[in-house]
Amino acid sequence: QTGRIDKSYPTVCGHTGPVLDIDWCPHNDQVIASGSEDCTVMVWQIPENGLTLSLTEPVVVLEGHSKRVGIVAWHPTARNVLLSAGCDNAIIIWNVGTGEALINLDDMHVDMIYNVSWNRNGSLICTASKDKKVRVIDPRKQEIVAEKEKTHEGARPMRAIFLADGNIFTTGFSRMSERQLALWNPKNMEEPIALHEMDTSNGVLLPFYDPDTNIIYLCGKGDSSIRYFEITDESPYVHYLNTFSSKEPQRGMGFMPKRGLDVNKCEIARFFKLHERKCEPIIMTVPRKSDLFQDDLYPDTAGPEAALEAEEWFEGKNADPLLISLKHGYIPGKNRDLKVVKKNILDNKPAGNKKSDLINAPKKAADASNPQNDAKLDEILKELKSIKDTISNQDERISKLEQQMAKIAD
C-alpha cells in the first residue's frame with residue numbers, strides 16, 4: 001500500500017526511549033526485534049494481517065545491557081538466537097525462547113561497537129569498532145579469532161560484514177577522509193585482498209550484501225546514490241558494476257530479503273529509502289527478453305526454516321542455511337496457460353503417402369472384417385426390422401381407432 005499513513009495508524013510502542021535498531025526474524029515473518037535507548041531489547045509478534053491496534057506488549061523483554069542498545073541481529077541459521085550490542089561495549093547473545101542471556105562478551109571491546117555481522121552459518125561474528133579495529137570472534141568459545149588494527153585509518157565510523165565465502169568486506173575512511181572499501185581474509189589480516197578509494201564525501205557507507213549473486217550495494221548516509229559491486233575470486237576482486245542515482249539524499253536504507261522479490265520481473269534487489277518525510281521503494285531489475293524463470297539470477301536462497309534449534313547451537317553445533325528454490329514464486333504469464341500434450345513421434349510408424357495406398361485403404365478395411373463383426377451386423381439388422389414391423393403395426397392400429405372415433409362422432 002502506498003500513500004500517506006493516517007495519523008492514528010497503529011504502531012509498536014512498548015519502548016520508553018527512542019528505538020535505535022530493528023531486525024526482522026529470518027525464521028518467522030511475523031517476528032521483529034528492537035533495541036532502544038531504554039537499555040532493553042524487545043521481541044514483538046506482529047499479527048498475521050498487520051496491526052489493527054497499537055502493540056504495547058512485547059513477547060519478551062531482554063534486559064542485560066547497562067547502556068543504550070544500538071544493534072540487534074538474529075542468528076542466520078539457529079532458531080530464537082538473537083545478538084544485541086550496546087554502548088556499554090558489550091555483546092549479549094540471547095535464547096529468545098527462554099528469555100535468557102546465554103553468552104555475554106563484555107570485555108572484548110574497549111570502545112563503541114559500530115556494527116556486528118554473523119557469518120553464513122552463524123559460527124563466527126565480526127565487529128567494527130571505534131578503536132579502528134575489526135575483530136573476528138567465536139562467540140561460544142568467547143575468544144577473538146582474528147583482529148586487524150587500523151583497518152581504515154580515518155576516525156569516522158566503519159562497517160564490517162561477512163561474505164558467503166568467509167571473507168570480510170569493510171567500509172571506512174582514509175587518513176585524508178576519503179571513503180574506502182576493502183576485502184580481507186580473516187586467516188591473514190595483515191594486508192587486505194583489495195583496497196579501493198572512492199571519493200571524499202563524509203557519509204558513512206552502509207553495505208548491503210546479497211550472498212546469492214555476490215553483489216554488495218553501498219548506500220552512503222546523506223548520499224543520493226547507491227553504488228554496487230560484484231565480489232569475485234579474481235583480481236581486482238571487487239568489481240564496480242554501476243551507480244543508481246536520484247535527486248534526494250537518503251536518511252537511511254532498508255533491504256528486502258530475497259524471498260520478498262518479484263521473480264517474474266527479474267528483480268534482484270529492493271531497497272526502502274528513507275527520506276525526511278517518506279519511504280520510497282527502489283527496485284533493481286535485470287533487463288531480460290525472456291519471461292521464463294531465470295535460474296542464474298535466482299539460485300537457491302536461504303529459506304524461512306531454521307537449520308538448528310537454539311540449544312543445539314549453544315551446545316556447539318553448526319549448520320548452513322536451509323535453501324529453497326524461488327521458482328514456486330514464479331507465475332507464468334496468462335498467455336502460456338495453453339497445455340500441449342506432446343506424443344512421442346517415434347511411436348507412430350511412418351505412414352506411406354502414395355496415391356495407391358490411399359485408394360486401397362477402404363478396401364483393406366472391408367477385407368479385414370472378421371466373423372465376429374458379421375454376427376454383430378446381422379443382430380443390428382434384425383433389430384431394425386423388428387422396430388419397422390412394430391411401427392407399421394402401430395400405424396394400422398391408429399388408423400382403425402381414428403375410423404371408430406369418426407363413427408361415434410357421426
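In this predicted model, the side chains of histidine 109 and threonine 127 are joined by a polar contact of 2.8 Å. Histidine 109 sits in a loop. That loop runs between strand 8 (100-105) and strand 9 (113-118). The relative accessibility of histidine 109 is 5%. The residue therefore counts as buried, the cut-off being under 20%. Threonine 127 is also among its contacts beyond four places in sequence. The others are Asn89, Ile91, Ser129, Arg135 and Ile137.

Strand 8, which precedes this loop, belongs to an open sheet of four strands. Their order is 5-6-7-8, and the pairing is antiparallel. Strand 5 (69-74) and strand 8 form the edges. Each of these two pairs on one side only. From one strand to the next, the twist averages 25°. Strand 5 pairs with strand 6 (residues 81-86) over five bridges, in the antiparallel sense. Isoleucine 71 has its bridge partner in strand 6, namely alanine 85.

The UniProt record, an unreviewed entry, carries the annotation "repeat: WD" for three spans. These are residues 12-54, 62-104 and 106-147. In the model, residues 12-54 are 42% strand and 0% helix. The end C-alpha atoms of that span lie 6 Å apart. Residues 62-104 are 56% strand, again with 0% helix. Here the end C-alpha atoms are 13 Å apart.

A second loop residue, leucine 297, lies between strand 23 (279-285) and strand 24 (301-302). Leucine 297 counts as buried because its relative accessibility is 8%. Residues up to four places away in sequence set aside, leucine 297 touches six residues: Thr213, Lys258, Cys266, Ile268, Val286 and Arg288. Lysine 187 is 110 residues from leucine 297 along the chain. The C-alpha atoms of the two are separated by 30 Å.

A helical span is found at residues 377-404. The unreviewed UniProt entry annotates these residues as "coiled-coil region". In the model the span is 100% helix and 0% strand. Its end C-alpha atoms lie 42 Å apart.

Conventions: Residues are numbered from 1 along each chain as its sequence is written. This is a predicted model: local features need pLDDT of at least 70, side-chain atom pairs count only at pLDDT 80 or more; totals for chains, interfaces and linings use all residues. Side-chain values use heavy atoms; hydrogens and water are left out. Buried means under 20% relative accessible area, exposed over 50%, partly exposed in between (1.4 Å probe, protein chains only). A polar contact is a pair of N or O atoms within 3.5 Å; within protein, one must be able to donate a hydrogen and the other to accept it, and residues adjacent in sequence count only if both atoms are side-chain atoms. Contact means heavy atoms within 4.5 Å. Two strands pair if DSSP finds at least two bridges between them. Axes are lines fitted to C-alpha atoms, for helices over the stretch in contact, and angles run from 0 to 180 degrees between N-to-C directions. UniProt positions are given in the numbering used here, feature names are shortened, and annotations may be inferred rather than shown by experiment.
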